[in-house]
Amino acid sequence: MRDVVYLDRLEQAEALLKPMRVEVLRRLAEPHSCTEVAKQLGQTPQRVYYHVKQLVAVGLAEQVSERRVRGINEGVYQAVARSYWLSPALVGRLGPRRSEDRLSLGYLLSLVEEVQADIANLDRTAPDLPSLGISGRVCLPEERRPEFLADLREAMQGLFEKYGGAEGSTFRVALVCYPAAQEPTAAPTTAPTTGPATGPSAPGPVADDGAESSNAPKHR
């Protein structure tokens with residue numbers, strides 16, 4: 001199972017539009033048969049099998065083994081990845097880019113899309129995949145923001161000039177800087193109420209969201 005699959009085909013995105021199908025894919029994080037997933041979701045094996053077929057058809061799940069159960073061949077399926085990225089290219093850019101200004105939000109979003117696509121195309125089976133991720137916070141008054149951004153550009157430009165030769169392995173370096181979201185304040189502590197403690201209610205069966213009706217499949 002891969003860590004990430006980059007979804008850049010429309011049929012892959014369409015396969016995940018049904019909530020029931022997403023629930024099935026979550027259950028397939030570990031190998032399961034359609035019967036096992038059906039019991040977890042409170043659905044019939046036939047409905048789960050329909051959704052699994054759609055996921056397999058677009059490459060989001062795969063059959064990993066098969067076993068004989070009461071005279072029937074029962075397939076065991078697993079999701080192909082632990083997380084899925086939807087490519088912005090599925091929609092595409094609406095209209096021309098208005099600005100090449102590196103201080104604009106549009107430029108930042110374009111850069112993030114390019115980095116996302118680059119990472120998705122890396123060969124994660126390679127034994128040596130050198131990479132580096134750094135994240136931090138900077139707090140400064142508004143009047144010092146231009147100074148900070150100028151220092152940041154100067155520091156990065158110095159690195160590009162120092163290591164920007166034409167020989168050796170090529171690495172892409174991307175730097176982003178944006179306002180950090182405000183952290184939520186802690187809720188005030190309240191005294192516990194009296195009365196019997198109750199646990200979370202058990203989830204009910206997932207509603208059918210359009211699976212085609214069919215007879216029980218010979219191969220599930």
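The protein chain of this predicted model exposes about 16,600 Å², and carbon and sulfur atoms supply 54% of that area. What of the interior? Of the 220 residues in the protein chain, 22% are buried. Contacts reach well along the sequence, too: among those between residues at least 6 apart, 71% join residues at least 24 apart.

With that overview in hand, let us walk along the chain. Its secondary structure comes to 6 helices and 5 strands, and from the N terminus on the elements run β-α-α-β-α-α-β-β-β-α-α.

A good place to stop is helix α3, which spans residues 34–41. Which of its residues are buried? They are C34, T35, V37, A38 and L41. These residues lie on the same side of α3, because they cover an arc of only 160° around the axis. The general geometry of helices helps here: an α-helix has 3.6 residues a turn, so residues three or four places apart point the same way. The cover over the buried residues of α3 includes helices α2 (19–27) and α4 (45–57), together with strands β2 (32–33) and β4 (72–79). Just after the helix comes G42, with a positive phi near 70°.

Two of those covering strands, β2 and β4, lead us to the sheet. It is an open sheet of 3 strands in the order β2-β4-β3, with antiparallel pairing. Its edge strands are β2 and β3 (61–69), each of which pairs on one side only. On one side of β4, the antiparallel pairing with β2 runs over 2 bridges, and here H32 stands opposite Y77 of β4. The antiparallel pairing of β3 with β4 runs over 8 bridges, with N73 in β4 as the bridge partner of R68. These two strands form a hairpin with 2 residues between them, where R70 takes a positive phi near 50°.

Now look at what is packed inside. In soluble globular proteins, nonpolar side chains tend to be buried together. The largest nonpolar core of this model has 22 residues, and V24, L28, V48 and V52 are the members that touch the most others. The elements giving two or more residues to this core are β1 (2–7), α2, α3, α4 and β4. Try centring your view on V24: leaving aside residues up to four places away in sequence, V24 touches V37, L41, H51, V52 and L55. Of these, V37 and L41 bring us back to α3, where both are among the buried residues.

One last stop concerns aromatic rings. How many aromatic pairs are there? The count comes to 1. The pair is made by Y6 and W85, and it is edge-to-face because the planes of the rings stand at 85°, with the centres 6.5 Å apart. It links distant parts of the chain, since Y6 belongs to strand β1 and W85 to strand β5 (residues 81–86), 79 residues apart. Are the two partners buried or partly exposed? Y6 is buried, with a relative accessible area of 15%, whereas W85 counts as partly exposed at 26% relative accessibility. The boundary between these two classes is 20% relative accessible area, so Y6 at 15% falls on the buried side.

How values were computed: Residues numbered from 1 in each chain as written. Predicted model: local features only at pLDDT ≥ 70, side-chain atom pairs only at ≥ 80, totals over all residues. Heavy atoms only, no water. Buried < 20%, exposed > 50% of the residue type's maximum accessible area, 1.4 Å probe, protein only. Helix = DSSP H or I, 4+ residues; strand = E, 2+ residues; numbered from the N terminus. Arc of directions from axis to C-beta. Contact = heavy atoms within 4.5 Å. Pairing = 2+ DSSP bridges. Core = buried A, V, L, I, M, F, W, Y, C linked by side-chain atoms within 4.5 Å. Areas by Shrake-Rupley, 256 points an atom, 1.4 Å probe, with all protein chains shown as cover. Phe/Tyr/Trp six-rings, centres within 6.5 Å; stacked < 30°, edge-to-face > 60°.
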